[in-house]
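Trainee: Please take one part of this model and go through it closely. I would like the helix packing in chain A, with the cut-offs behind each term.

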Amino acid sequence: MTDILSGFGQEIISGIALGSIYALIALGFTMIFKATEVVNFAQGDLMMVGAYVNFFFVSTFLSNSGEPSAWTFMVALLCSIIFSVLFGLFLDFIINRPLKDAPIFSVIMATLSLAIIMRALVAMIAGPISLMPISPFGDNSITIGIIVISVLDLSIIASAIILVIIFYFIFHYTKWGIAMQATSEDPVAAQLMGIPIKKIYALVWIFSALVATLSGVLLAPRIALLDTSMGFLGLKAFPAAVLGGFGSIPGAIVGGVILGVIETISLGTLSFHFEWIKEINDIIAWFVLIAVLMVKPNGLFGIEKVKKV
Amino acid sequence: MLKLVGVETYYGKIKALHGVSLKVEEGQLVTILGANGAGKSTILKTISGLVEPENGTIHFNNIRIDRKDPEKIVSMGISHVPEWRRIFPDLTVYDNLFMGGFLIKEKELLSERMEEAYAHFPILKKRKDQLAGTLSGGEQQMLAISRALMIKPRLLLLDEPSMGLSPLLVQDIFATIKELHKSGVTILLVEQNVNHALKIADYGYVLTTGKIFLSGTYDELINEEKVREQYLGEGKYIRREKLWGG
């Protein structure tokens with residue numbers, strides 16, 4: 001009995017860690033969707049690029065200095081952040097600006113193409129082999145009561161919480177953050193306030209690339225082998241966002257965490273008792289998606305949109 | 001102060017303004033009257049830069065503004081209260097005013113203007129932490145006007161401020177507009193409520209299908225038979241569909 005309990009406990013913690021990453025990816029594209037009504041299918045691949053870039057910086061610094069230290073990781077992270085800011089700005093220029101008034105279908109095609117291009121480019125530059133990222137937190141684990149938790153998972157959860165708090169603060173208490181909210185609510189009225197909405201859109205893309213990169217950095221050590229298929233994981237942010245209520249930022253976060261927990265529990269305890277669940281683990285997220293759409297299409301936090309005439 | 005010459009604006013291939021020319025002098029309250037779809041809102045949108053005119057020029061204090069971005073035009077001192085108010089419903093009343101003062105750099109000035117807005121409409125102070133979407137129609141209109149006044153505009157564009165309000169609130173709103181005008185704000189007012197608008201205005205333009213077809217002072221317009229027929233419901237035949245903009 002304690003076996004099952006401790007198993008469940010571990011799975012829930014590790015599910016929350018995985019879910020935090022889904023939540024961050026979902027947060028990134030919910031922000032873009034709310035502000036610009038672009039559904040960015042490349043969000044997962046942004047994360048993948050971020051993970052690769054960070055890996056590149058870490059290994060470059062390691063080969064120069066030898067021993068890994070906290071500084072190596074900090075400087076690498078800082079470089080990755082700078083990269084993601086520039087990359088977000090670049091995406092705003094090549095995707096958002098030219099396609100602002102284009103039909104939704106063109107925008108979907110553009111972000112899908114962007115995803116494929118990024119995957120191909122990264123494979124070309126980094127080579128086709130999988131890389132082994134190093135975690136700054138090592139692979140230790142701690143035991144609380146009967147539950148064994150990996151330090152990596154804890155650090156992922158902690159980082160995600162800190163990030164969400166920082167974002168919450170920016171969006172609700174800073175001038176530019178509130179302006180971002182205002183722009184996503186009513187871009188026309190925002191313009192009449194003198195808010196430069198082109199700059200706001202660029203900012204939103206930068207934020208979104210930044211969250212993607214950070215989630216990539218967090219996720220990479222957890223999946224042990226880094227290759228370009230990491231981008232596919234990002235697609236799971238969609239069921240996460242739908243589960244929470246598409247377009248809702250708290251919804252994206254809660255949906256992501258729940259989805260992560262569902263995945264790890266189904267892979268762990270449940271598949272131990274029901275062999276067949278193991279087979280469907282990879283697609284369980286999509287079952288959740290279909291179930292939510294059938295039962296509660298607005299998700300947990302979704303508000304029914306009443307369109308004013 | 002504001003001068004439009006031969007302004008032509010298109011929505012896609014549809015011509016909404018067929019060469020509109022009008023003038024607003026410093027300190028005036030000018031009104032544009034006309035039925036629904038005549039192009040009244042389009043004139044305001046063209047002035048504030050939300051849509052670009054195809055032809056014609058717009059000058060504000062002798063500076064040409066018709067190719068400038070909306071945020072640049074706001075920073076020159078033109079505030080636009082759009083049709084249906086368009087407050088930010090999921091932001092608090094305070095944050096709505098804060099956004100109205102987006103261009104204000106100094107913190108003290110911002111809070112000073114905020115206090116002025118609260119002094120003018122005490123109900124906004126009472127509701128400052130409430131989401132703006134929960135306000136009543138009249139309160140939302142007060143918020144929309146206060147939000148536009150945050151930058152102390154030199155010219156205020158008002159698009160149908162009485163829309164969707166009860167007759168009593170309409171009286172209030174027009175009293176507020178009159179007060180603003182008295183305090184020295186130059187106003188360009190678009191209205192379907194002809195009677196009210198003409199009473200407080202110094203000068204009026206009547207617009208039909210994208211063209212100015214009459215202009216004059218209250219006395220001149222009120223005695224013009226066409227205006228009486230079409231907009232005041234007097235005269236030999238009343239065209240209701242025009243009167244109600246149907």
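Mentor: What follows goes through two helix pairs, one residue, and the face turned to the other chain.

This is a predicted model, in which local features need pLDDT of at least 70 and side-chain atom pairs count only at pLDDT 80 or more, while totals for chains, interfaces and linings use all residues. Residues are numbered from 1 along each chain as its sequence is written, and chains are lettered from A and ligands numbered from 1 in the order in which they are written.

Two packed helices are described by the angle between their axes and the distance between the axes. Start with helix 2 (residues 43-65) and helix 4 (residues 104-126) of chain A, whose axes come within 9 Å and cross at roughly 20 degrees. Helices here are DSSP runs of H or I with at least four residues, numbered from the N terminus. Axes are lines fitted to C-alpha atoms over the stretch in contact, with angles from 0 to 180 degrees between N-to-C directions. Helix 2 and helix 4 of chain A are therefore roughly parallel to each other (under 35 degrees; over 145 is roughly antiparallel, 65 to 115 roughly perpendicular, and the rest oblique). Their crossing is left-handed (the near helix is turned anticlockwise from the far one by less than a right angle; clockwise would be right-handed).

From helix 2 of chain A, the contact takes Asp45(A), Met48(A), Val49(A) and Tyr52(A), and from helix 4 of chain A it takes Ala115(A), Met118(A), Arg119(A), Val122(A) and Ala126(A). Contact is counted when C-beta atoms, placed from the backbone, lie within 7 Å. Seven of these residues are nonpolar, none is polar and two are charged. Ala, Val, Leu, Ile, Met, Phe, Trp, Tyr, Cys and Pro count as nonpolar, Asp, Glu, Lys and Arg as charged, and the others, Gly among them, as polar.

The second pair is helix 11 (residues 249-273) and helix 13 (residues 284-295) of chain A. The two axes come within 10 Å and cross at roughly 130 degrees, so helix 11 and helix 13 of chain A are oblique to each other. Helix 11 of chain A passes helix 13 of chain A in a right-handed crossing. On the side of helix 11 of chain A, the residues are Leu259(A), Ile262(A), Glu263(A) and Ser266(A), and they meet Ile284(A), Ala285(A) and Val288(A) of helix 13 of chain A. By class, this contact has five nonpolar residues, one polar and one charged.

Helix 11 of chain A also holds Ile253(A). Ile253(A) is buried, having 27 other C-beta atoms within 10 Å (20 or more is buried, 12 or fewer exposed, and in between partly exposed). Not counting residues up to four places away in sequence, Ile253(A) touches Ala23(A), Leu27(A) and Val164(A). Tyr22(A) lies 231 residues away along the chain, yet its C-alpha atom is separated from that of Ile253(A) by 7.9 Å.

That leaves the face turned to chain B. The contact between the chains involves 14 residues from chain A and 19 residues from chain B. On the chain A side, helix 6 (175-185) and helix 7 (187-192) are the elements that give two or more residues, and helix 6 of chain A supplies the largest share, five residues. The chain A side divides into nine nonpolar, three polar and two charged residues.

How values were computed. Contact = placed C-beta atoms within 7 Å.
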